[in-house]
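Student: Please pick out the aromatic rings and take me through them slowly. I would like to know which rings pair up and how they are placed.

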Amino acid sequence: MAIVESLEATNGRRRYGVRSPATLEPIGEFECATAADVCAAVERARVAQAAWARLSFDERAAYLYRLLAQFVERQDEVIDAVIAETGKPRAEAISMEVYAPCDAIAYYAKHAGRILRTRRRRLHGVMRLMKTLRIVYQPLGVVGLITPWNGPVALTAVPLAQALMAGNAVVHKPSEVTPLSALVVKRFTEAAGFPPDLYQVVQGDGETGAALIDAGVDKIAFTGSVATGRKVAEACGRRLIRCTLELGGKDAMIVCPDADLDRAAAGALLGSCMNTGHYCCGTERIYVTEPVYDAFVAKVVAGARALRQSDRGEFDVGAVFWDRQLDVIEAHMADARAKGAEVLVGGRRNPDLKGLYYEPTVVTNVGHDMDLMRKETFGPIVAITKVRDEEEAIRLANDSEYGLNGTVWTADRARGLALAARLQTGGVCVNDMTITYGLPEAPFGGRKLSGLGQVNGPEGLRSYCHAQPISADRRGRGKIQGGYPYTRKEEDGMQKFIRFLWGTRLGRWLS
Ligand code: NAD
């Protein structure tokens, strides 16, 4: 049964119904915003932004702290909406969709003023004697935010906090699979007294997202698949607007011979099965060195058998959020089986549950000829392969079109850090599953097909701004550089000066 279903249009607007993947019951009907609706939203946002940009960082932060209070006081509204539209365990709804947004909102409210304050930058050489330079972080204007369904509140609130603290307004197109979460965030901003059009939500599908890119925004902050990311990049390229693209991954985990195997096995299970494997930095490929392979697999198998999957009460692994993803998971597993993979646990839809449930799965004998090891599976699959040593593990880990994150597991911290630095990925974690997105100080962004640009951290925050250099004369010492009329005498003087500056030791020292 389709989670998202087209319905008959009304008022000239396309409509769709959404079902819970856990119960398959309808959870709501929504109208797609038209291109005209989206343009109108962007125009209203532009008016709101002009006033917002005039506020000081402290004044903007005061709004964010009020938003934070809404998250803290009304946690259950977030949890209920997210569980209704994703069927994820309550613990994951709390950690991903409440804790992470609270932490990010608090961090950017507190630190954005320092990170984005106007800075003087020392000039070098002779220019230093004449000029000063300041860098002013100007807001871009209206940011179009396009988000996926796997972390619907976190992937809204985290960029929203950054875009707003940087002085922008935001028009947000959430995933059609998870329309309720954005409405919760919208309600919270209203209750926090935000200017009405500063954060607006336009519901809809890909067509609505495409309309947002064409609606005159100044930047697109996109999170989603590689295929859509390419379309977004092309559309932004045509408009010459900036974009950040946070795309899919195929993260590798490397288990060294000296790793703490209990910790590594627990990390493999959580890294692969958390959020039903719908985690961009989920562990999708595990390379285990020969001496510890059998012991590691035994621990993972025991751990996987103990995982509880349900649609109610206390459980560990929830539903697959979207039937389309279930199709991908089943296709990758069928391909792996056909090519000789061995399924040790799970490997099928859960026959005891009505909704979209795929059993936590452990699979070995996997190779790079299989889709399971090359394409993003985004499901609760622990795929393990044996390698001779760390060198082979690094080579295979880097043998991927993706490069989002990765993990290295070893008792030797120095070795872990050295191996981490050899992974061609946006980030790496040593002895833990990937937690980089949850560290607001860390810039986050993929290499290769996994993305363009970075979000979060000082670098991500500044990407919501234009860094404007402003130079001026040092008091009393300035004069126009060059200047008419050009004379032979000045040309000779300039050539002599160049010979002195970079042709003599004293000159090089001075410059
Ligand atoms: P998707 O690309 O199908 O959709 C993402 C968003 O783009 C949705 O809101 C969708 O409606 C919209 N969209 C679709 N077509 C569009 C178009 N032509 N123009 C503009 N917008 C359009 O991705 P998804 O299935 O929702 O999300 C899962 C993917 O997101 C996975 O690949 C996952 O790895 C990735 N992801 C990446 C990160 C990261 O930070 N790197 C985080 C979470 C998810």
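Tutor: What follows is a walk through the ring pairs, and then through two charges placed over rings. The model is predicted, so to speak of a local feature requires pLDDT of at least 70, side-chain atom pairs count only at pLDDT 80 or more, and totals for chains, interfaces and linings use all residues. Residues are numbered from 1 along each chain as its sequence is written, and side-chain values use heavy atoms, with hydrogens and water left out.

A pair of aromatic rings is described by the distance of the centres and the angle of the planes. Across the whole structure, the search finds eleven aromatic pairs (rings of Phe, Tyr and Trp, the last by its six-membered ring, with centres within 6.5 Å; planes under 30 degrees apart are stacked, over 60 edge-to-face, the rest tilted).

One of these pairs is Trp52 with Phe194, which is stacked, with 6.3 Å from centre to centre and 25 degrees between the planes. This pair joins distant parts of the chain, as its residues are 142 residues apart: Trp52 belongs to helix H1 (residues 35–53), while Phe194 is in the loop between helix H7 (179–191) and strand S8 (199–201). Helices (H or I, at least four residues) and strands (E, at least two) are DSSP runs numbered from the N terminus. Trp52 and Phe194 are both buried.

Phe194 also pairs with Tyr63, and here the arrangement is edge-to-face, at 5.7 Å centre to centre and 80 degrees between the planes. Again distant parts of the chain are linked: Tyr63 lies in helix H2 (residues 57–73), and Phe194, in the loop between H7 and S8, is 131 residues apart from Tyr63. Why does Phe194 count as buried? Because its relative accessibility is 8%, and buried means under 20% relative accessible area (exposed is over 50%, partly exposed in between; 1.4 Å probe, protein chains only).

The ring of Tyr63 has a charge over it as well: the charged end of Arg66 sits there, 4.7 Å from the ring centre. A charge sits over a ring if NZ of Lys or CZ of Arg is within 6 Å of the ring centre and within 35 degrees of the ring normal. Another case is Lys219, whose charged end sits over the ring of Tyr464 at 4.2 Å from its centre.

Finally, there is a cluster: Trp149, Phe321, Trp322 and Phe378 are linked by ring pairs.
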